[in-house]
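This report introduces a protein structure to a reader who has not met it before. Please look over the sequence and the model before reading on.

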Amino acid sequence: MLFTSYEFFGFVVVLFLAYYLLPKQCQWPLLLAASYLFYAAAGPQFLPYLLATTAATYLAGRGIGRNLARQSAYLKEHKAELSKEEKKAYKDRQKRIRLRWVAFCLLVDLGILQLTIPEEYGGTGMDDEVAKCLAVSEVSKCCASTAEILDVHYLSTDILMRKGTPEQKAKYLPQAAQGKLGGFALTEPGAGSDAGGMKTRAVQDGDDYILNGTKCFISNLGPQEGNHFVVIAVTEPGIGTKGTTAFLVDRSMPGVSCGKTEDKMGIRGASVSELVLEDVRVPKTAILGQLGEGFKIAMMGLDGGRIGI
């Protein structure tokens, strides 16, 4: 009795599943038994095809096995050498970080980092989108990592200049002009483009707010990088983005820490990390704009930041 095409396909699927699930010593007896079964059921005309397929599978399996054995032997033989290469790669990365900071200090000396900051706060005073984009564009021609650091710094500074109180500006803008990096913390593990789903909470406690949560993929944040951040947190749950508020958070505040630093494929000179907030107490004076304006402020900042990016 000949197999139909569906029966033949099912037979092959079951055969291969059994082959890979059974212990190695049972695999080839299984193939041999299957050959006889197929021959008996399908007729002699299928025997050459089946034998050819079995032989091809056997040879391919032997080739894969030899490759794996060679790779395993190579790794064992060159384990010490590979370890040295890993250490060298780490040192090279640290060297790139040091070189990046040399370039970054040069941006401060040239007045590019503080380009958009008013002169009374130590800046260049060119609050102009065209000038900002030209600066990011020219720096990008030499180093994309440095350009990303610059653009995110511009983003956080622009938010501060537009929504900050005179006291907030007097505190943070001179620091930003001197090279203290600012960052922007909106994204969370479960709330990227859906900012309304963020979990970071800011609970009022007298004249303060207590912040708890984790932000991820935060630019200008690393083991040594990052001075202050615009953090978007939920102050009134249940009403979506209208219940979010923007806060200015110092890196030096108790409870603020840098979590995992991402090992990126590219633009590796610009650190991107998790911002962890654990019972961080900030005063009411740290609020940017008004309560409930967090999402609005975030979108306003991104509108400008995306031009440079």
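## Terms and overall architecture

Helices, of at least four residues, and strands, of at least two, are DSSP runs numbered from the N terminus. The structure is a predicted model. In these terms, the protein has eight helices and eight strands.

The protein consists of 309 residues, and 40% of them count as buried. About 17500 Å² of the protein is exposed, with 61% of this area supplied by carbon and sulfur atoms. When contacts between residues at least 6 apart in sequence are considered, 67% of them join residues at least 24 apart.

## Glutamate 188 and its surroundings

Glutamate 188 belongs to the loop that runs between strand E1 (182-185) and strand E2 (201-205). Is glutamate 188 buried or exposed? Its relative accessible area is 5%, so glutamate 188 is buried, the cut-off being under 20%.

The side chain of glutamate 188 takes part in two interactions described here. It comes to 2.6 Å from the backbone nitrogen of lysine 199, and a polar contact of 2.6 Å links it to the side chain of threonine 200. With neighbours within four places in sequence left aside, the residues in contact with glutamate 188 are Met198, Lys199, Thr200, Thr214, Lys215 and Cys216.

## Two residues with positive phi

Most residues other than glycine have a negative phi. Phenylalanine 217 has a positive value, near 55°. This residue is part of strand E3, which covers residues 208-219. Phenylalanine 217 counts as exposed because its relative accessibility is 52% and the cut-off is over 50%.

Asparagine 220 also has a positive phi, near 65°. Its place is in the loop between E3 and strand E4 (228-234). Asparagine 220 has a relative accessible area of 3% and is therefore buried.

## The loop between E6 and E7

Alanine 270 and serine 271 are both described in this part of the chain. Serine 271 is located in the loop between strand E6 (256-261) and strand E7 (272-283), and alanine 270 lies in the loop between E6 and E7 as well. The relative accessibility of alanine 270 is 1%, so alanine 270 counts as buried. Serine 271, at 7% relative accessibility, likewise counts as buried.

Each of these residues has a partner elsewhere in the sequence. The side chain of serine 271 is joined to that of glutamate 225 by a polar contact of 2.8 Å. Alanine 270 and threonine 146 are 124 residues apart along the chain, while their C-alpha atoms are separated by 6.7 Å.

## Threonine 165, glycine 289 and lysine 163

Threonine 165 occupies the loop between helix H6 (144-163) and helix H7 (166-177). With a relative accessibility of 30%, threonine 165 counts as partly exposed. How far apart in space are threonine 165 and glycine 289? The distance from C-alpha to C-alpha is 8.0 Å, although their positions lie 124 residues apart in sequence by the count of separation.

Glycine 289 is itself in a loop, the one between strand E8 (287-288) and H8. Glycine 289 counts as partly exposed because its relative accessibility is 25%, and partly exposed covers the range between 20% and 50%. The C-alpha atom of glycine 289 is separated by 5.2 Å from that of lysine 163, with 126 residues as their distance along the chain. Not counting residues up to four places away in sequence, glycine 289 touches Lys163 and Ile297.

## Internal cavities

How many cavities of 30 Å³ or more does the count give? There are four cavities that reach this volume. The largest cavity holds about 50 Å³ of space.

The lining of the largest cavity is made up of Leu155, Asp158, Ile159, Arg162, Met300, Gly301, Gly304 and Gly305. At least two of the lining residues come from H6, and at least two from helix H8 (294-308). By class, the lining has three nonpolar, three polar and two charged residues. Glycine is placed in the polar class in this grouping.

Conventions. Residues are numbered from 1 along each chain as its sequence is written. This is a predicted model: local features need pLDDT of at least 70, side-chain atom pairs count only at pLDDT 80 or more; totals for chains, interfaces and linings use all residues. Side-chain values use heavy atoms; hydrogens and water are left out. Buried means under 20% relative accessible area, exposed over 50%, partly exposed in between (1.4 Å probe, protein chains only). Contact means heavy atoms within 4.5 Å. Accessible areas come from the Shrake-Rupley method with a 1.4 Å probe; for residues, only the protein chains shown count as cover. A polar contact is a pair of N or O atoms within 3.5 Å; within protein, one must be able to donate a hydrogen and the other to accept it, and residues adjacent in sequence count only if both atoms are side-chain atoms. On a 1 Å grid over the protein atoms alone, a cavity is a set of points where a 1.4 Å probe fits but cannot get out, and a pocket is an open set with protein on both sides within 12 Å along at least five of seven lines; lining residues have an atom within 4 Å of a point. Grid points are joined across faces, edges and corners, and a volume is the space filled by probe spheres set on the points.
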